[in-house]
Amino acid sequence: MSENPAASRVLVLNSGSSSVKYQLLDMRDTARLAVGLVERIGEQTSRLKHTCLTSGDTREHTGPIADHDAALKAVAEELSRDGLGLDSPELAAIGHRVVHGGMFFTEPTVIDDEVLSEIERLIPVAPLHNPANLTGIRTARALRPDLPQVAVFDTAFHTTMPESAARYALDPKIADRHRIRRYGFHGTSHAYVSRRTARLLGKDPSEVNVIVLHLGNGASASAVEKGRCVDTSMGLTPLEGLVMGTRSGDVDPAVIFHLARVGGMSMDEIDTLLNKRSGLFGLCGDNDMREIRRRIDEGDEEAALAFDIYIHRLKKYIGAYYAVLGKVDAVAFTAGVGENAAPVREAAIAGLAGLGLAVDPALNAVRSGEPRLISPESARVAVAVVPTDEELEIATQTYALVGKKN
């Protein structure tokens, strides 16, 4: 930890393939001091938007930012202008979101060369994410080599799944050789939302079973039993499971063989089809739920069918995870669609009264940034809307680990 025992700030970095999201938090009261986004890295139209929350000032810059190294240096410069620079003795650590940790990383980990090597070895199962995460880590370490850097893994929360849920029905020798199993993703969100839902019910996480529905452009479901994940919808990669913005979710694996043999498509073309040109976008040409709902209101049948397929898959997972858990205390909606699309919540729960699930139309229609229940008081199972806070979760896990090491 920092030589200053009072160091209480954590910088959270989420490095994507062409973007860097960041937040600086003071963990004494979890107050956000600064937030920002660098996007379109490597293009002439790069953009950095930075907000200092202590002063309320927002600054925006456009122009070429060549790479992640330049992007993080620009972020450090903006923070310094607000007196919140990376050289501050109050900075305790930098927490990095890392998408894939495999089975090797089951909890937040202080980054060293061995950790970097293992994250690199996992690139074949996370080719879009881990390389960008690594770039952000290496640049941050170069900027502050003396500061603890912590990796918080999307997959870690799901490593508590029993083998019966995590294993595919494949030859174990082949599966183990190629690291094939269900890893799951969005773990920081599922961890945060399941705990926050328990608090909303006035209980300890160890006392409740929660089905968490993380519905954004990427979407995943999890079954959380007494604070531990026992099943999740995403698998070896983020492609499996729910219908998403551009990803297909579950398909018969033989579709791939069919497209290759009969359709004459290459593996790269099939990969692009399933990951970038399927889901809601593939079904109706839009992956924004707001636009899809607008089209439905205007009588667009293509958009209506896409919505129905999306909801049908969602219901299947609610029912499946109800069966896995046996007893459910709450279903929690989160992320962009889950938090803001009342029609999605209403449609997903409709017809599930036999499972003790219902939505109060008036409560469901309320827009709020606060965690809240949208089920009638008489409902046997609570239905909640819980805004996710992955940055706070990463900062909390980072600070807790750094504190232990101190």
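Mentor: Two strands count as paired if DSSP finds at least two bridges between them. The model discussed here is predicted.

Trainee: In which sense do strands β4 and β5 pair?

Mentor: Strand β4 covers residues 47-52 and strand β5 covers residues 57-62. Six bridges join them, above the two that pairing needs. The sense of this pairing is antiparallel.

Trainee: Which residue in β5 is the bridge partner of Thr-51?

Mentor: In this hairpin, four residues lie between the strands, and Gly-56 has a positive phi near 85 degrees. Across the two strands, Lys-49 stands opposite Glu-60. The bridge partner of Thr-51 in β5 is Thr-58.

Trainee: Which strands are at the edges of the sheet that holds β4 and β5?

Mentor: That sheet is open and has eight strands with mixed pairing, in the order β5-β4-β3-β2-β1-β6-β8-β7. The edge strands pair on one side only. They are β5 and β7.

Trainee: At what angle does helix α3 run to β6?

Mentor: Helix α3, residues 130-143, lies across β1, β6 and β8. The angle between α3 and β6 is about 165 degrees.

Trainee: Why is one side of β11 and of β13 left without a neighbour in the sheet?

Mentor: These strands belong to an open sheet of six, ordered β11-β10-β9-β12-β14-β13, with mixed pairing. One side of β11 and one side of β13 lack a neighbour because these strands stand at the edges, each with a single partner strand.

Trainee: Which residue in β10 stands opposite Leu-215?

Mentor: Strands β9 (residues 209-215) and β10 (residues 219-225) run antiparallel and are joined by seven bridges. Opposite Leu-215 in β10 stands Ala-219.

Trainee: Which strands does helix α13 touch?

Mentor: Helix α11, residues 301-325, lies across β9, β10 and β11, at about 160 degrees to β9. Helix α13, residues 342-349, also packs on the sheet, and its direction makes about 150 degrees with that of β12. The strands touched by α13 are β9, β12, β13 and β14.

Trainee: Which element gives the most to the largest nonpolar core?

Mentor: This core has 45 residues, and Leu-215, Tyr-310 and Val-344 touch the most other members. Elements that give two or more residues to this core include β9, β10, α11 and α13. With 11 residues, the element that gives the most is α11.

Trainee: How many residues are in the other core?

Mentor: Leu-215, of the largest core, touches residues including Leu-242, Tyr-310, Phe-333 and Val-344. Another core lies apart, with Val-152, Phe-157, Ala-191 and Ile-394 among its members. Its number of residues is 28.

Trainee: How many residues apart are Arg-59 and Glu-78?

Mentor: The side chains of Arg-59 and Glu-78 form a salt bridge, 2.7 Å from N to O. The pair links distant parts of the chain, with Arg-59 in strand β5 and Glu-78 in helix α1, and their separation in residues is 19.

Trainee: Is Asp-82 buried or exposed?

Mentor: Arg-59 also forms a salt bridge with Asp-82, with the closest N and O atoms 3.0 Å apart. Asp-82 lies in the loop between α1 and β6. Its relative accessible area is 19%, under the 20% limit, so Asp-82 is buried.

Trainee: Which residues are joined with Arg-59 into one network?

Mentor: The structure holds 27 salt bridges. One of them joins Glu-302 to Arg-295, at 3.3 Å between the closest N and O atoms. In another place, salt bridges that share partners make one network, where Arg-59 is joined with Glu-78, Arg-81 and Asp-82.

Key
Residues are numbered from 1 along each chain as its sequence is written. This is a predicted model: local features need pLDDT of at least 70, side-chain atom pairs count only at pLDDT 80 or more; totals for chains, interfaces and linings use all residues. Side-chain values use heavy atoms; hydrogens and water are left out. Contact means heavy atoms within 4.5 Å. Axes are lines fitted to C-alpha atoms, for helices over the stretch in contact, and angles run from 0 to 180 degrees between N-to-C directions. A nonpolar core is a set of buried Ala, Val, Leu, Ile, Met, Phe, Trp, Tyr and Cys residues joined through side-chain atoms within 4.5 Å. Buried means under 20% relative accessible area, exposed over 50%, partly exposed in between (1.4 Å probe, protein chains only). A salt bridge is a side-chain nitrogen of Lys or Arg within 4 Å of a carboxyl oxygen of Asp or Glu. Lists of a residue's contacts leave out its neighbours within four places in sequence.
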